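Subject: Model handover

Hello,

Here is the model for you to look over. My notes come after it.

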Amino acid sequence: MESTNIKAFGTHAADAPLQQMGINRREITSKDIEIEILFCGVCHSDLHTARNDWGGTVYPAVPGHEIVGKVTRVGSEVSRLETGDFAAVGCLVDSCRECGSCRQDLEQYCLNGFTGTYNGKDKHSGGHTFGGYSEKIVVNEHFVLKVPPNLDLAATAPLLCAGITTWSPLRHWKVGKGSKVAVIGLGGLGHMAIKLAKGLGAEVALFSRTASKEKDALILGADAVIISSDKTQMASVRGKFDLIIDTVPYIHDVNPYVATLNIGGTLVIVGYLGGLDPILNTVPMIMGRKSVAGSVIGGIAETQELLDFCGQFNIVSEIEIIKIQDINEAYERMLKSDVRYRFVIDMASLKK
Ligand code: NAP
Ligand code: ZN
Ligand code: ZN
């Protein structure tokens with residue numbers, strides 16, 4: 001299949017830094033859109049993948065799934081976007097489009113497996129997909145989103161993963177006026193969860209490990225901050241929340257948070273993947289009809305709904321713009337929770 005070699009930033013091994021490399025992008029098919037990438041957000045999943053935290057990373061790995069750019073070419077059958085339009089790509093670039101999930105606009109739960117924007121099985125090349133730390137990307141139009149014209153492009157990029165990953169559970173559990181929502185962890189996902197829950201009219205609290213982010217959380221819209229290491233503060237919110245969104249990336253004790261759920265409440269894990277330790281105690285769940293659930297990103301229609309909602313209410317991410325050459329340092333800072341609250345790469349730096 002015809003392809004073009006382009007510049008990208010990625011890694012050849014779990015313990016190697018990211019560096020400039022060449023990758024191939026396919027020639028557009030009749031249903032494809034080619035996008036020049038202008039900005040790409042830096043998600044903690046990029047780091048997990050680059051360092052093979054979850055196993056299964058195929059190298060070379062080129063992360064990046066919070067992509068905003070400009071349409072440079074469209075295939076002959078493309079109708080949704082035109083050359084020159086601003087466009088976005090999130091965590092999915094393909095799915096079977098035929099299974100029960102896909103037919104319900106739940107491509108993220110495709111029964112035949114969705115194709116991730118990076119480290120996914122590429123149906124076109126037979127290899128694996130490369131993400132947004134690159135000059136351009138070629139994607140089937142179904143998986144390309146429209147960017148509301150009033151939003152800042154760089155600050156829109158994180159909506160494509162951090163935004164949709166928190167929006168999807170907020171919508172699924174029908175959060176609105178009168179809902180009491182809590183968010184665990186103030187990072188990329190956490191700060192979007194606060195803004196979006198607030199935008200939907202909920203009362204929102206943040207659970208954070210230290211008081212260092214308290215002021216920021218209140219500015220972002222949180223009504224309260226609970227320091228999770230403080231037992232008195234934890235006890236003060238016992239039985240309070242209808243929905244808790246847990247964004248913590250690493251193994252942690254979920255039980256103290258279950259205690260803060262209201263009867264019938266749900267704690268939805270979007271961060272940590274794997275077995276829990278300490279184990280989950282079912283007693284408070286059974287005695288309070290509480291649920292512990294999980295959720296992954298969101299479907300394409302739901303992502304467009306989020307972008308349109310953000311356009312309407314002028315909601316974007318709080319960002320720090322970096323050059324692609326600073327990505328390794330950005331990963332180290334992310335590990336120390338030293339990011340306020342999403343790094344976004346100015347992809348013009350890759351051209352230098
Ligand atoms: P992030 O920006 O690094 O934020 C994570 C936050 O969690 C930190 O700011 C910190 O908040 C808290 N935290 C970090 N380490 C912790 C620890 N050991 N114990 C307790 N709290 C800790 O990461 P992110 O980009 O928001 O991503 C969060 C997680 O979601 C990652 O694992 C990522 O892979 C995953 N993710 C999942 C999906 C999905 O579809 N389910 C999509 C995107 C990302 P405080 O300092 O406030 O405590
Ligand atoms: Zn992500
Ligand atoms: Zn499917």
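Below are notes on the zinc site, a surface patch and a pocket.

This is a predicted model, where local features need pLDDT of at least 70, side-chain atom pairs count only at pLDDT 80 or more, and totals for chains, interfaces and linings use all residues. Residues are numbered from 1 along each chain as its sequence is written, chains are lettered from A and ligands numbered from 1 in the order written, and side-chain values use heavy atoms, with hydrogens and water left out.

Zinc site. Cys43 (SG), His65 (NE2) and Cys161 (SG) are the protein donors of the zinc ion (ligand 2), at 2.0 to 2.3 Å. Donors are N, O and S atoms within 2.8 Å of the metal (3.2 Å for Na, K and Ca); water is not among the atoms, so sites may look incomplete. The donor spacing in sequence is C-x21-H-x95-C. The two cysteines link distant parts of the chain, 118 residues apart. Cys43 sits in the loop between strand 3 (32-42) and helix 1 (44-50). Cys161 sits in the loop between helix 3 (153-156) and helix 4 (162-172). Helices (H or I, at least four residues) and strands (E, at least two) are DSSP runs, numbered from the N terminus. Cys43 is buried at 3% relative accessibility, and Cys161 is buried at 5%. Buried means under 20% relative accessible area, exposed over 50%, partly exposed in between (1.4 Å probe, protein chains only).Surface patch. Tyr109, Phe114 and Val296 form a nonpolar patch with about 230 Å² of accessible area together (Shrake-Rupley, 1.4 Å probe). Patch residues have over 30% relative accessible area and no salt bridge (Lys or Arg side-chain nitrogen within 4 Å of an Asp or Glu carboxyl oxygen); like charges are joined within 9 Å, nonpolar side chains (Val, Leu, Ile, Met, Phe, Trp, Tyr) within 5 Å. Val296 is partly exposed, at 32%.

Pocket. The second largest pocket has 20 lining residues; Arg25, Arg26, Asp122, Ser125 and Thr129 are the closest to its centre. A pocket is an open set of points on a 1 Å grid over the protein atoms alone, where a 1.4 Å probe fits, with protein on both sides within 12 Å along at least five of seven lines; lining residues have an atom within 4 Å of a point.

Best wishes
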